[in-house]
Amino acid sequence: MAKPKKTDLSELKDISIKNPEKIKVGLVVAEWNEEITSTLQQGATDTLLHYGFDKDNLKAIRVPGSYELPMGARSLLKHDKFSAIICLGCVIKGETPHNDYINQAVSTGLTQLSLTSGTPCIFGVLTPLNMDQALDRAGGKHGNKGIEAAVAAVSMIKLNQELEKKSRSIGF
Ligand code: RBF
């Protein structure tokens, strides 16, 4: 029997969250390597819909490149109350170490923003050595990492819901 493709949403684990249709999620998508990042965005969006989120509560914005992902996420958080922000980009290694600087800045920026805002800002950035590796991870043989980014967001939303419920029940 053929192995199911990792892009098949029916293979996703069961994560049941409360009132998913009321929860707002932001998506920040880099325009660099747009053919890759749009596939990541599609995977992330389909996944959120699969878990019961309402498309009207998904706010997607575009930023020029991955370096701008943390700033885009921060702008979204200032604009509205989101339960998670999914940041999607693709930084391909070139002849110079630009990718190292961008990747370092984005991962540090998103970590800092998550910790200071208290809202999970998901790192959905591909860091491939070449375009083939990027394609393998955007709907190819390694699945679609946009799906995995959305699963991480849903898992963190569930965790925060459970902790809020617990702290209410013990009177905090
Ligand atoms: N942004 C990406 O999202 N992916 C890339 O592969 C990428 N490569 C870049 C290569 C160079 C040499 C430079 C200068 C920028 C690159 N950027 C890339 C854009 C970067 O994330 C950012 O948008 C710009 O540097 C403007 O701040």
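# Reading the labels in a predicted model

Trainee: What makes Met156 partly exposed?

Mentor: This is a predicted model, so every value here is computed from it. Met156 has a relative accessible area of 34%. Buried means under 20%, and exposed means over 50%. The value for Met156 lies in between, so Met156 is partly exposed.

Trainee: Where is Met156, and which patch does Met156 help to make?

Mentor: Met156 is in helix H5, residues 145–169. Together with Leu159 and Leu163, Met156 makes a nonpolar surface patch of about 240 Å². Patch residues need over 30% relative accessible area. Met156 has 34%, so Met156 passes that cut-off.

Trainee: How do you know that Cys87 is in no disulfide?

Mentor: Look at the sulfurs. The closest cysteine sulfur to that of Cys87 is in Cys121, 5.7 Å away. A disulfide needs the two sulfurs within 2.5 Å. The pair is therefore too far apart for a bond.

Trainee: And what about Cys90?

Mentor: Cys90 is in no disulfide either. The nearest cysteine sulfur belongs to Cys87 and is 15 Å away. By this rule, the count of disulfides comes to zero.

Trainee: Are Cys87 and Cys90 buried or exposed?

Mentor: Cys87 has a relative accessible area of 0%, so Cys87 is buried. Cys90 is at 2% and also counts as buried. Both values fall under 20%.

Trainee: Which atoms of Cys90 and Tyr67 face the ligand in a polar contact?

Mentor: Backbone atoms. A polar backbone atom of Cys90 is 2.8 Å from a nitrogen atom of the ligand. A polar backbone atom of Tyr67 is 3.1 Å from a ligand oxygen. The cut-off is 3.5 Å, so these pairs count as polar contacts.

Trainee: What about His98?

Mentor: Here the side chain takes part. One of its N or O atoms is 3.5 Å from a ligand nitrogen. The protein covers 66% of the 540 Å² of accessible area that the ligand has on its own. The residues around the ligand include Trp32, Asn33, Glu68 and Ile102.

Trainee: Why is Asn144 called buried, and what does its side chain reach?

Mentor: Asn144 has a relative accessible area of 6%, under the 20% limit, so Asn144 is buried. Its place is in strand E6, residues 143–144. The side chain of Asn144 reaches the backbone oxygen of Thr39 at 3.0 Å.

Trainee: Why is the pair of Asp80 and Lys24 called a salt bridge?

Mentor: Side chains of opposite charge can pair when their charged atoms come close. In Asp80 and Lys24, the closest N and O atoms are 3.0 Å apart. The cut-off is 4 Å, so the pair qualifies. The two residues are 56 residues apart and link distant parts of the chain. Asp80 is in the loop between helix H2 and strand E3, and Lys24 is in the segment before strand E1.

Trainee: How many salt bridges does the structure hold?

Mentor: Six. One of them joins Glu34 and Arg62, with the closest N and O atoms 3.5 Å apart. Glu34 is in helix H1 and Arg62 is in strand E2. Another pairs Lys141 with Asp136 at 3.9 Å, which is within the 4 Å cut-off.

Trainee: What makes Lys141 exposed and Glu34 partly exposed?

Mentor: Lys141 has a relative accessible area of 64%, over 50%, so Lys141 is exposed. Glu34 is at 36%, so Glu34 counts as partly exposed. Arg62, at 38%, also counts as partly exposed.

Key:
Residues are numbered from 1 along each chain as its sequence is written. This is a predicted model: local features need pLDDT of at least 70, side-chain atom pairs count only at pLDDT 80 or more; totals for chains, interfaces and linings use all residues. Side-chain values use heavy atoms; hydrogens and water are left out. Patches are made of residues with over 30% relative accessible area and no salt bridge: like charges are joined within 9 Å, nonpolar side chains (Val, Leu, Ile, Met, Phe, Trp, Tyr) within 5 Å. Accessible areas come from the Shrake-Rupley method with a 1.4 Å probe; for residues, only the protein chains shown count as cover. A salt bridge is a side-chain nitrogen of Lys or Arg within 4 Å of a carboxyl oxygen of Asp or Glu. Helices (H or I, at least four residues) and strands (E, at least two) are DSSP runs, numbered from the N terminus. Buried means under 20% relative accessible area, exposed over 50%, partly exposed in between (1.4 Å probe, protein chains only). A residue is near a molecule or strand if one of its heavy atoms lies within 4 Å of it. A polar contact is a pair of N or O atoms within 3.5 Å; within protein, one must be able to donate a hydrogen and the other to accept it, and residues adjacent in sequence count only if both atoms are side-chain atoms.
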